[in-house]
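Visitor: I am new to this structure and should be grateful for a close look at a single part of it. Please choose one region and describe how its pieces are placed with respect to one another.

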Amino acid sequence: MTASREERGAAPGQLTERDIAALLFVADMYAVQLDQLAVVLSTSQTRAGAIALDWRRSGYAESARIGPGRPWVWLTRAGLGACGLPYTATSPALSRLAHLRAVVSVRLALEAVPGYAAAGAFWRGERRLRARTGGRAGLREHIPDAEVHWPDGSSADFAGECWAIEAELTRKTVARTATIMREILARTGDYGCPAAEIRLPGAAARHARVVYLCSPAAAYPGAASRASRTETTARRCASRDNAGEVAV
């Protein structure tokens with residue numbers, strides 16, 4: 001059974017609130033695989049496929065089976081324009097599919113934690129962070145996979161904090177990982193800020209913590225215990241309400 005436009009309360013070419021929220025999610029994540037889109041839409045994969053087909057027919061999205069598993073969905077120029085986003089319309093690169101899926105999994109897991117929604121926390125992904133730099137991010141400047149913002153005044157233990165999110169599927173050297181962590185934790189300015197504010201002496205650090213999640217393949221020899229402690233910490237941070245672990 002598919003979800004028709006009539007069932008969703010929309011005429012052909014008209015976007016519902018659920019459409020807009022899902023399109024914004026897909027745009028911020030570059031692309032989303034169909035089974036994950038079903039989770040975003042809180043529906044079955046069959047219905048999600050029908051909704052994605054409506055987006056294609058309306059010119060808002062494209063979809064294709066470009067890697068293992070379910071088809072991928074991404075926004076066209078018209079879809080990005082409908083969302084008011086300045087991103088460049090492009091299909092996801094084959095080499096990035098596994099990483100994109102992992103980051104989407106992290107976001108979905110975090111957003112499923114009751115305390116996340118209750119605190120009004122929100123996700124600001126790599127694509128949005130890069131857009132803020134206006135393409136001026138230096139070749140050596142590391143941009144995290146996302147930030148999670150916990151608004152001031154919420155009841156969460158993390159109220160007012162900004163977290164950097166890192167999902168790692170491939171092994172990096174100890175030195176490279178340490179460099180990335182130091183750079184993230186030493187940053188004081190927002191992305192896109194003047195160069196002088198990136199690391200301003202005496203200013204508060206931008207990120208209260210780095211939530212680092214890695215696959216077994218990314219754990220390097222000699223640091224297994226450290227990687228385990230880091231991943232355990234990340235899981236605890238994401239599941240303060242005992243709602244489960246973040247799975248990459």
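Guide: One term is needed at the outset: two residues are in contact when heavy atoms of one lie within 4.5 Å of heavy atoms of the other. It should also be said that this is a predicted model. The part chosen here is strand β6, together with the strands that pair with it, and the approach begins at Glu126.

Glu126 belongs to helix α7, which covers residues 126–133. Leaving aside residues up to four places away in sequence, Glu126 touches Tyr30, Arg96, Ile143, Pro144, Asp145 and Ala146. Glu126 counts as buried because its relative accessibility is 12%, and the cut-off for that word is under 20%. The side chain of Glu126 also makes a polar contact, at 2.8 Å, with the side chain of Arg130. Two of the residues touched by Glu126, Tyr30 and Arg96, are related to each other as well: Arg96 lies over the face of Tyr30, 4.8 Å from the ring centre.

Ala146, another residue that Glu126 touches, leads into strand β5. Strand β5 comprises residues 146–149, and both of its faces are covered. Ala146 and Val148 lie on one side, Glu147 and His149 lie on the other, and all four are buried. Strand β4, residues 122–125, is joined to β5 by four bridges, and these two strands run antiparallel. Within that pairing, Arg124 stands opposite Glu147.

Strand β5 has a further partner in β6, again antiparallel and again over four bridges. Glu147, already met opposite Arg124, stands opposite Ala164 in β6. Val148 has Trp163 in β6 as its bridge partner.

This brings the description to β6 itself. The strand spans residues 162–168, and seven of its seven residues are buried, so β6 is largely enclosed by the rest of the structure. In a regular strand the side chains alternate between the two faces of the sheet. In β6, Cys162, Ala164, Glu166 and Glu168 point one way, whereas Trp163, Ile165 and Ala167 point the other way. Both groups are buried.

Trp163 deserves a closer look. The structure holds four aromatic pairs. In the pair formed by Phe158 and Trp163, the ring centres are 4.8 Å apart and the planes meet at 70 degrees, so the arrangement is edge-to-face. Phe158 and Trp163 are both buried. Together with Tyr116 and Trp150, these two residues form one aromatic cluster.

Strand β6 also pairs with β7, here in the parallel sense and over six bridges. Ile165 of β6 stands opposite Val211 in β7. Between these two strands the chain passes through helix α8, residues 174–186, and the resulting β-α-β crossover is right-handed.

Val210 gives a useful point from which to view this arrangement. Val210 lies in β7, which covers residues 209–214, and it counts as buried because its relative accessibility is 18%. Not counting residues up to four places away in sequence, Val210 touches Ala164, Glu166, Met181, Ile184 and Leu185. Ala164 and Glu166 are among the β6 residues that point one way from the strand. Ile184 stands 26 residues from Val210 along the chain, yet the C-alpha atoms of the two are separated by 7.7 Å.

For orientation, a separate pairing may be set beside this one. An open sheet of three strands has the order β1-β3-β2, with antiparallel pairing. β1 (32–33) and β2 (61–64) stand at the edges, each with a single partner strand, so one side of each is left without a neighbour in the sheet. β1 pairs with β3, residues 72–75, over two bridges, and Gln33 stands opposite Trp72. Gln33, which is in β1, is buried, with a relative accessible area of 3%. The side chain of Gln33 reaches two backbone oxygens, that of Pro68 at 2.9 Å and that of Arg70 at 2.8 Å.

To return to the chosen part: β6 pairs with β5 in the antiparallel sense and with β7 in the parallel sense.

Note on methods: Residues are numbered from 1 along each chain as its sequence is written. This is a predicted model: local features need pLDDT of at least 70, side-chain atom pairs count only at pLDDT 80 or more; totals for chains, interfaces and linings use all residues. Side-chain values use heavy atoms; hydrogens and water are left out. Buried means under 20% relative accessible area, exposed over 50%, partly exposed in between (1.4 Å probe, protein chains only). A polar contact is a pair of N or O atoms within 3.5 Å; within protein, one must be able to donate a hydrogen and the other to accept it, and residues adjacent in sequence count only if both atoms are side-chain atoms. Rings of Phe, Tyr and Trp (its six-membered ring) pair if their centres lie within 6.5 Å; planes under 30 degrees apart count as stacked, over 60 as edge-to-face and the rest as tilted. A charge sits over a ring if NZ of Lys or CZ of Arg is within 6 Å of the ring centre and within 35 degrees of the ring normal. Two strands pair if DSSP finds at least two bridges between them. A crossover is right-handed if, with the strands pointing away from the viewer, the path from the first strand over the helix to the second runs clockwise.
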